[in-house]
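Opening the notebook on a new structure today. I want the overall make-up first, then a few spots looked up one by one.

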Amino acid sequence: MADVEDRLEEITRKALETAEKKSPGTVAREAGGMSDLTVRLVSAIAMAGIAAIALWLGSWFWIAFVVLLAGVVLWEWNNLVKGFDLSPTGEILWLFGGAAYVCAAALAMVQVRISYGALEVALVFMLPIIAVDVGAYFAGRSIGGPKIAPSISPSKTWAGLGGGALAAGAVALTMEIAGFGPAASPEFSIVGILLAIIAGALIAVIAQAGDFFESWMKRRAGVKDSSRLIPGHGGFFDRLDGFLAVFFVLFVVAVAPNLLG
């Protein structure tokens, strides 16, 4: 019995010594890290749920949702530009440029939902962009290697870009094989497969370019996030940078020519 009591006292003493070695700041950061992960997860689920509902309802619900997002992103854009220390003329040019960039992407988002069903928009237009982020994250973490532009975005690697391109290409290839979506060939063909893979690679490059552009704006403004509107995620511009770039290009190559007849 005495041995057991001695053993318990030793365990208690070691536990107290370990706790004393940890500063209150360390303990708080560890607890905060767990809390941050929960906050990020809840925020991501909430954002995805609201977007899915608006996309499914379509019509004015989707238009209102996109307009709201565009307005918030423009507000964040303007706040970043204010940190550039530009001349009045330069600031005005940046503000007009932001309005053109964001509004063009928003028009493309609205147009694709008018032209296609919710499932097509989700799987053909949005899932490849999400796949870029997922593929880039896992490839970058597991492979690592040379950075693309460490002075702008220290975490982005060439391996991550390749992983994002592969992931987006896999989604596009799946849609092609299933014959689903506006770009899918009616018959299975080698040409269709190659075009799907190329489309995935292009989406990855464009989405990553949008990410780098937003990262460059934040570095020039001297801030970590575009805002603090989304708990655990920063701002809406932080989360939509890749979407904005891809839909802006879609507007230029497809939507604008159709609008012009």
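My entries follow, going from the whole chain down to single residues.

**Entry 1: overall make-up.** Reminder to self: this is a predicted model. I looked up the secondary structure and got eight helices and zero strands. Reading from the N terminus, the order is simply α-α-α-α-α-α-α-α. I then checked burial: of the 261 residues in the protein, 36% are buried. For contacts with a separation of 6 or more, I find that 69% are between residues 24 or more positions apart.

**Entry 2: the core.** Which residues touch the most other members of the largest nonpolar core? My lookup gives Trp62 and Phe247, in a core of 47 residues. I also listed the elements that put two or more residues into this core: H2 (24-57), H3 (59-82), H4 (88-115), H5 (118-143), H6 (158-178), H7 (190-221) and H8 (236-259).

I followed up on Phe247. Skipping anything within four places in sequence, I get contacts from Phe247 to Ala104, Ala105, Ala108, Met109, Val112, Phe125, Met126 and Ile129.

**Entry 3: H4 against H8.** Two packed helices are described by the angle between their axes and the distance between the axes. I pulled both values for H4 and H8: the axes come within 7 Å and cross at roughly 75 degrees. An angle from 65 to 115 degrees counts as roughly perpendicular, so I logged H4 as roughly perpendicular to H8.

What kinds of residue make up this contact? I count 16 nonpolar, one polar and one charged. On the H4 side the list includes Ala100, Tyr101, Leu107 and Gln111. Across from them, H8 supplies residues including Asp241, Phe243, Leu244, Phe251 and Val255. Phe247 turns up in the H8 list too, after already standing out with Trp62 in the core.

**Entry 4: Asp238.** Next I went to Asp238, which sits in helix H8. Is Asp238 buried or exposed? Buried, because its relative accessibility is 6%, and the cut-off for buried is under 20%.

I wanted to know what the side chain has for polar partners. One is the side chain of Lys218, in a polar contact of 3.0 Å. Another is the backbone nitrogen of Gly235, which the Asp238 side chain reaches at 2.7 Å. Leaving out residues up to four places away in sequence, Asp238 touches Glu214, Lys218, Asp225, Ser226, Ser227 and His233.

**Entry 5: Thr157.** I moved on to the loop between H5 and H6, where Thr157 lies. With 5% relative accessibility, Thr157 also goes down as buried. Its side chain reaches the backbone nitrogen of Gly160 at 2.9 Å.

I checked the C-alpha distance from Thr157 to Gly145 and got 6.4 Å, with their positions 12 residues apart in sequence numbering. Gly145 is on the contact list of Thr157 as well, along with Gly140, Gly144, Pro146, Lys147 and Ile148, once residues up to four places away are set aside.

**Entry 6: Gly181.** Last lookup: Gly181, in the loop between H6 and H7. How far apart in space are Gly181 and Val121? I get 8.5 Å, C-alpha to C-alpha, for a pair 60 residues apart in sequence. Not counting residues up to four places away in sequence, Gly181 touches Glu120 and Val124.

Key:
Residues numbered from 1 in each chain as written. Predicted model: local features only at pLDDT ≥ 70, side-chain atom pairs only at ≥ 80, totals over all residues. Heavy atoms only, no water. Core = buried A, V, L, I, M, F, W, Y, C linked by side-chain atoms within 4.5 Å. Buried < 20%, exposed > 50% of the residue type's maximum accessible area, 1.4 Å probe, protein only. Helix = DSSP H or I, 4+ residues; strand = E, 2+ residues; numbered from the N terminus. Contact = heavy atoms within 4.5 Å. Polar contact = N/O pair within 3.5 Å; in protein donor to acceptor, adjacent residues only side chain to side chain. Axes fitted to C-alpha atoms, helices over the stretch in contact; angles between N-to-C directions. Parallel < 35°, antiparallel > 145°, perpendicular 65-115°, else oblique. Nonpolar A, V, L, I, M, F, W, Y, C, P; charged D, E, K, R; others polar.
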